[in-house]
Amino acid sequence: AAAHATMPASQASPTRAHVWMLAYLEGRKEVAFPGYLTTSLAATALVLGARRRWRRGKDESDAASAMTAHASGTPAETVGYYALLAGLAAWCSFGPDAGLYSVLYHAFPPFGFLRAPGRMAIVVTLGLVVCASQAVAYLARGGVFRRWAVTTLVVLLTVAELAMLPLPIPDIDPRPHPVYRALANLPAAPVCEFPFLWNRLDFSR
């Protein structure tokens with residue numbers, strides 16, 4: 001389980017808006033930063049939930065709507081659950097040295113199939129996005145214009161932050177590799193290929 005997240009990795013990202021941070025993040029092994037917008041909106045949701053500004057809908061007049069609201073929970077409860085999920089996933093993503101991954105690994109053997117604890121960063125992003133969505137829903141409450149304005153602003157900020165333009169497309173030599181040219185000059189016969197794992201991501205974890 002060598003491929004685990006680190007504190008620098010939790011702040012690293014390959015997008016253009018975040019590339020400036022890479023110069024200050026030494027020792028990173030992964031890129032796991034969920035983004036400025038997601039983090040900011042998730043923090044807003046936590047603040048709103050802590051201040052108890054969200055309650056069950058006041059217009060629940062019939063029993064059916066009350067049962068639906070009770071089953072789905074309040075936005076504050078949703079934020080609390082997914083914030084806890086994101087926190088535990090972040091703890092787990094730091095690998096065996098952080099403790100939680102080792103506990104889960106020994107208590108639940110199939111957990112070892114994860115192989116790379118850093119992959120738990122995906123769950124961290126999931127939890128933060130759900131929290132952020134609750135903040136967006138809160139900010140968009142009101143008339144039609146406000147809903148459209150908030151939604152449009154969030155979409156534009158997301159696209160601007162996550163844009164990978166221009167695409168980093170490397171130049172590829174169109175000429176065949178010398179190995180294939182050598183094979184072309186040999187008599188026709190079966191060829192057996194053995195993969196040589198040289199990239200760090202190819203190694204067993």
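**Notes on an all-helix predicted model**

1. Let's start on the outside: Tyr180 counts as exposed, because its relative accessibility is 55% and the cut-off for exposed is over 50%. Keep in mind throughout that this is a predicted model. Tyr180 belongs to helix α7, which covers residues 178-184. Together with Val179, Leu183, Leu186 and Val191, Tyr180 makes a nonpolar surface patch of about 510 Å².

2. Now the overall layout. You'll find 7 helices and 0 strands in the protein, so to speak an α-α-α-α-α-α-α pattern when read along the sequence. Of its 205 residues, 26% count as buried. The accessible surface comes to about 14500 Å², and carbon and sulfur atoms account for 67% of that. As for contacts between residues at least 6 apart in sequence, 56% of them join residues at least 24 apart.

3. Which residues have the most contacts inside the largest nonpolar core? They are Leu41, Ala45, Cys92, Val124, Leu128 and Cys131, in a core of 20 residues. Helices α1 (36-50), α3 (75-93), α4 (100-107) and α5 (121-139) each supply at least two residues of this core, and α5 gives the most, with 6 residues. As background, nonpolar side chains in soluble globular proteins tend to be buried together.

4. Cys131 deserves its own point. Leaving aside residues up to four places away in sequence, Cys131 touches Leu41, Ala42, Ala45, Val79, Tyr82 and Ala83. Two of those partners, Leu41 and Ala45, also appear with Cys131 among the core residues with the most contacts.

5. Further along α5 sits Tyr138. Is this tyrosine buried or exposed? Tyr138 is buried, because its relative accessible area is 14% and buried means under 20%. The C-alpha atoms of Tyr138 and Leu48 are separated by 9.0 Å, although the two residues are 90 apart along the chain. If you're comparing the two tyrosines, Tyr180 at 55% counts as exposed, whereas Tyr138 at 14% is buried.

6. Glu161 is worth a look if you care about charged groups out of the solvent. Glu161 is found in helix α6, residues 144-162, and is buried, with a relative accessible area of 9%. What lies 3.1 Å from a polar atom of the side chain of Glu161? That would be the backbone nitrogen of Leu37.

7. Ala160, also placed in helix α6, is exposed, with a relative accessible area of 54%. So right next to the buried Glu161 at 9% we get an alanine that falls over the 50% cut-off. Ala160 and Thr15 are 145 residues apart in sequence, with their C-alpha atoms 9.8 Å apart in space.

8. Thr15 turns up again with Met164, which lies in the loop between α6 and α7. Here the C-alpha to C-alpha distance is 5.6 Å, for a sequence separation of 149 residues. Met164 is partly exposed, because its relative accessible area of 30% falls between the 20% and 50% cut-offs.

9. Back to α3, which holds Ser93. This serine is buried, with a relative accessible area of 4%. A polar atom of the Ser93 side chain lies 2.6 Å from the backbone oxygen of Ala90. If you plan to go over the polar pairs by eye, the two in this note are Ser93 with Ala90 and Glu161 with Leu37.

10. Last one: where is Pro117? Pro117 is in the loop between α4 and α5. Despite the loop position, Pro117 counts as buried, at 0% relative accessibility. Pro117 and Trp91 are 26 residues apart in sequence, and their C-alpha atoms are 9.7 Å apart.

Definitions and conventions
Residues are numbered from 1 along each chain as its sequence is written. This is a predicted model: local features need pLDDT of at least 70, side-chain atom pairs count only at pLDDT 80 or more; totals for chains, interfaces and linings use all residues. Side-chain values use heavy atoms; hydrogens and water are left out. A nonpolar core is a set of buried Ala, Val, Leu, Ile, Met, Phe, Trp, Tyr and Cys residues joined through side-chain atoms within 4.5 Å. Buried means under 20% relative accessible area, exposed over 50%, partly exposed in between (1.4 Å probe, protein chains only). Helices (H or I, at least four residues) and strands (E, at least two) are DSSP runs, numbered from the N terminus. Contact means heavy atoms within 4.5 Å. A polar contact is a pair of N or O atoms within 3.5 Å; within protein, one must be able to donate a hydrogen and the other to accept it, and residues adjacent in sequence count only if both atoms are side-chain atoms. Patches are made of residues with over 30% relative accessible area and no salt bridge: like charges are joined within 9 Å, nonpolar side chains (Val, Leu, Ile, Met, Phe, Trp, Tyr) within 5 Å. Accessible areas come from the Shrake-Rupley method with a 1.4 Å probe; for residues, only the protein chains shown count as cover. A salt bridge is a side-chain nitrogen of Lys or Arg within 4 Å of a carboxyl oxygen of Asp or Glu.
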